[in-house]
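Q: Hey, can you walk me through this structure? I'm new to this, so plain words please.

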Amino acid sequence: NVSNPRQTAYGVNARLLLLRIGTAHAGFELGAAQVMSYEQVTQVGSIITREKHSVSANHLGLVLRFLGAAGLKYDVGFAFHYRSRSTLPGVHGAVTYHLMDGGRVSIPVGARVDMIFDENAVAMPMVFKTGIALKL
């Protein structure tokens, strides 16, 4: 029996875009994400046990950023998601708009969808994102 599912995904990512390919940029992404959590209730006779499970992963991957119209930026990427017992491949896509773009510092807002390929299913966390972007 599964109870108290929390399907709120959150995390932190850092990207380092090092290479320019035409109008696109390529680089690396490092991140950590909490995908979901739930509680599993098991009863054997009169003994009830509750186990909390947290589905989270750190990831390292490659990202390719394309510049779109009206200041939009489109990212696609491939990453390996490292969990306590396994390493899973995944892909992602994101769209970002930079608010208050001051040249070296800006505030990106956008949406992101990941597909993490587990042995039994595909996890697809969808998140709205914001942060601080620094241009070195």
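What follows is a chat about the fold, the salt bridges and a few single residues.

Q: What kind of model is this, and what cut-offs apply?
A: This is a predicted model, where local features need pLDDT of at least 70 and side-chain atom pairs count only at pLDDT 80 or more, while totals for chains, interfaces and linings use all residues. Residues are numbered from 1 along each chain as its sequence is written, and side-chain values use heavy atoms, with hydrogens and water left out.

Q: OK, how many helices and strands are there in the protein chain?
A: The protein chain has zero helices and 10 strands. Helices (H or I, at least four residues) and strands (E, at least two) are DSSP runs, numbered from the N terminus. Written along the sequence, the pattern is β-β-β-β-β-β-β-β-β-β.

Q: And is the chain compact or spread out?
A: The protein chain is more spread out than a compact globule, because its radius of gyration is 18 Å, well over the 14 Å that the globule rule gives for 136 residues. That radius is taken over C-alpha atoms, and the rule is 2.2 Å times the number of residues to the power 0.38. Along its principal axes, the C-alpha trace spans about 65 × 30 × 25 Å.

Q: How much of the chain is buried?
A: Buried residues make up 26% of the 136 residues. Buried means under 20% relative accessible area, exposed over 50%, and partly exposed in between (1.4 Å probe, protein chains only).

Q: Switching topic: how many salt bridges does the structure hold?
A: Five. A salt bridge is a side-chain nitrogen of Lys or Arg within 4 Å of a carboxyl oxygen of Asp or Glu.

Q: Which residue pairs with Arg-112 at 3.0 Å?
A: That's Glu-29: the two side chains meet in a salt bridge, 3.0 Å from N to O. Arg-112 lies in strand E7 (residues 105–117) and Glu-29 in strand E3 (residues 24–44), so the pair ties together parts that are 83 residues apart in sequence.

Q: Are those two buried or exposed?
A: Arg-112 counts as buried because its relative accessibility is 5%, and Glu-29 counts as buried at 2%.

Q: What else does Arg-112 form a salt bridge with?
A: Asp-114, with the closest N and O atoms 2.7 Å apart. Asp-114 is buried too, as is Arg-112.

Q: Where do Asp-75 and Arg-65 come in?
A: Their side chains meet in a salt bridge as well, at 2.8 Å from N to O. This pair links distant parts of the chain, with Asp-75 in strand E5 and Arg-65 in strand E4, 10 residues apart. Both Asp-75 and Arg-65 are buried.

Q: Which residues are linked in a network of salt bridges?
A: Arg-15, Glu-29, Arg-65, Asp-75, Arg-112 and Asp-114.

Q: What about Lys-73, buried or exposed?
A: Lys-73 is buried, because its relative accessible area is 15%. Lys-73 lies in strand E5. Leaving out residues up to four places away in sequence, Lys-73 touches several others, including Arg-65, Phe-66 and His-98. Contact here means heavy atoms within 4.5 Å.

Q: Last one: where does Ala-70 lie?
A: Ala-70 lies in the loop between strand E4 (47–67) and strand E5 (72–82). Ala-70 counts as exposed because its relative accessibility is 67%.

Q: What is phi of Ala-70 near?
A: Phi of Ala-70 is near 60°, a positive value in a residue other than glycine.
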